[in-house]
Amino acid sequence: MRTKQELSDAIRQRQRAVLIVNAKSRRGRQFYTDAVRRLTDAGFELIASYPVDEPGELERSLDEAVRMAPDLLIAGGGDGTIGAAARQLAHRDIALGLLPLGTTNNFARTLGIPIDLDAAVRVISSGKVIDVDLGLAGDLPFANHVGIGLSAEVMLRTPPRLKRVVGKFAYPTTAAALMARHRPLRVSVRTASSNRDFQTHQLYVANGGHQAGRPITADANADDRLLVAYPVGGATRHSLLGATVRNAATGHRRTLRHDPFLAVGELLVETDRPAPVEIDGEVGGETPIRLRVDANALRVMAAAGTVDH
């Protein structure tokens with residue numbers, strides 16, 4: 001395994017990369033051709049490029065890319081695409097370059113990657129390799145978050161046909177229908193030093209500082225060896241909606257010292273009934289589930305001035 005400096009030097013000198021773009025993400029198909037051109041103009045040799053738009057194609061493309069052993073794998077898409085790439089690259093001698101082309105782009109925002117395509121390409125071409133944490137849900141790595149409760153049920157129950165017809169609006173449509181009959185969960189979060197109990201419709205455990213495209217807190221990041229557990233609202237549906245609005249408006253002013261955040265390196269989440277779990281936007285099992293930090297598991301391209309712990 002090369003050092004981060006050695007990998008940074010190899011990327012700058014050889015500029016060999018593989019590009020994978022989720023062409024079904026919000027801006028993916030529109031910007032795939034532009035991304036190829038901008039990266040080529042920046043001097044990169046794209047030894048392969050994949051516009052991915054079929055189910056299962058993303059994982060196959062990532063498998064092929066890793067076998068090519070590039071210095072840099074550039075992933076364009078939303079948090080689901082970035083999370084899939086992060087899982088593939090965990091503990092590998094390949095850096096991940098990010099082109100944030102999704103709706104919320106939480107992981108990119110946490111790392112300070114610009115949402116503008118030209119600016120993101122400049123980070124890839126002139127930045128440096130840093131290493132950041134991933135989370136582990138059981139043995140499955142995740143880049144951004146684990147959701148327990150309503151968000152997972154929405155992922156599980158949104159009809160594929162509705163997603164094809166209305167795109168991202170399928171999720172709030174399904175959520176609105178589920179809310180009418182969704183029962184709150186009694187959630188226990190167990191750590192080595194404390195136990196916290198909540199009654200809520202939704203619990204998140206985040207690796208980083210953003211959720212739904214907004215800051216969670218002003219001091220959470222993906223390089224602090226911490227996961228941040230927090231409920232969204234209480235037992236009533238009204239509190240869930242109110243907390244969602246408050247979180248969006250006040251996240252940048254809060255810190256991890258504020259309630260209801262619990263920032264730890266490892267935790268066990270139990271619920272009063274088995275509850276589905278979504279991991280970076282994909283359904284992945286049910287409670288109880290143990291979560292922990294996988295410190296410095298992923299190498300990514302970040303801006304040259306990024307602090308790297």
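Select Arg225 to begin: in this predicted model Arg225 is partly exposed, with a relative accessible area of 31%. Now add Asp133 to the selection, since the two residues form a salt bridge in which the closest N and O atoms are 3.6 Å apart. Asp133 lies in strand E5 (residues 128-137), while Arg225 sits in the loop between strand E12 (214-215) and strand E13 (227-231), so the pair ties together parts of the chain that are 92 residues apart in sequence. The two ends of this bridge are worth viewing with the surface switched on, because Asp133 has a relative accessible area of 0% and is buried, whereas Arg225, at 31%, is partly exposed.

Next, select Asp197 and Arg190, whose side chains meet in another salt bridge, with 3.3 Å from N to O. Here Asp197 counts as exposed at 53% relative accessibility, and Arg190 is partly exposed with a relative accessible area of 25%. From this pair, turn to a group of residues that can be selected together: Arg2, Arg14, Asp71, Asp93 and Arg299 are joined into one network by salt bridges that share partners.

For a salt bridge inside a helix, go to helix H2 (residues 28-41) and show the side chains of Asp34 and Arg38, which are four residues apart there and therefore separated by about one helical turn. Their closest N and O atoms are 3.8 Å apart, and the two residues form a salt bridge. The bridges visited so far belong to a total of 18 in the structure.

Move on to helix H3, residues 57-67, and colour its residues by accessibility. Which residues of H3 are buried? They are Leu58, Ser61, Leu62, Ala65 and Val66. Looking down the axis of the helix, you can follow how these residues cover an arc of only 135 degrees around it, which puts them on the same side of H3. To see what covers these buried residues, display the neighbouring elements, including strand E1 (16-22), strand E2 (45-52), strand E3 (72-77) and helix H4 (79-89). Before leaving this region, select Ala69, which follows H3 and has a positive phi, near 55 degrees.

The last stop concerns aromatic rings, of which the structure holds two pairs by the rule applied here. Select Tyr204 and Tyr230, which form a tilted pair with 6.0 Å from centre to centre and 40 degrees between the planes. This pair links distant parts of the chain, as Tyr204 belongs to strand E10 (residues 202-206) and Tyr230 to strand E13, 26 residues apart. Is each of the two tyrosines, Tyr204 and Tyr230, buried or exposed? Both Tyr204 and Tyr230 are buried.

Keep Tyr230 selected and add Phe261, for these two form an edge-to-face pair, with 5.5 Å from centre to centre and 65 degrees between the planes. Again distant parts of the chain are linked, with Tyr230 in strand E13 and Phe261 in the loop between helix H10 (237-250) and strand E14 (262-264), 31 residues apart. Tyr230 is buried with a relative accessible area of 5%, and Phe261, at 5% relative accessibility, counts as buried as well. With all three side chains on display, the tour ends at a cluster in which ring pairs link Tyr204, Tyr230 and Phe261.

Definitions and conventions. Residues are numbered from 1 along each chain as its sequence is written. This is a predicted model: local features need pLDDT of at least 70, side-chain atom pairs count only at pLDDT 80 or more; totals for chains, interfaces and linings use all residues. Side-chain values use heavy atoms; hydrogens and water are left out. Buried means under 20% relative accessible area, exposed over 50%, partly exposed in between (1.4 Å probe, protein chains only). Helices (H or I, at least four residues) and strands (E, at least two) are DSSP runs, numbered from the N terminus. The arc is that of the directions from the helix axis to the C-beta atoms. Contact means heavy atoms within 4.5 Å. A salt bridge is a side-chain nitrogen of Lys or Arg within 4 Å of a carboxyl oxygen of Asp or Glu. Rings of Phe, Tyr and Trp (its six-membered ring) pair if their centres lie within 6.5 Å; planes under 30 degrees apart count as stacked, over 60 as edge-to-face and the rest as tilted.
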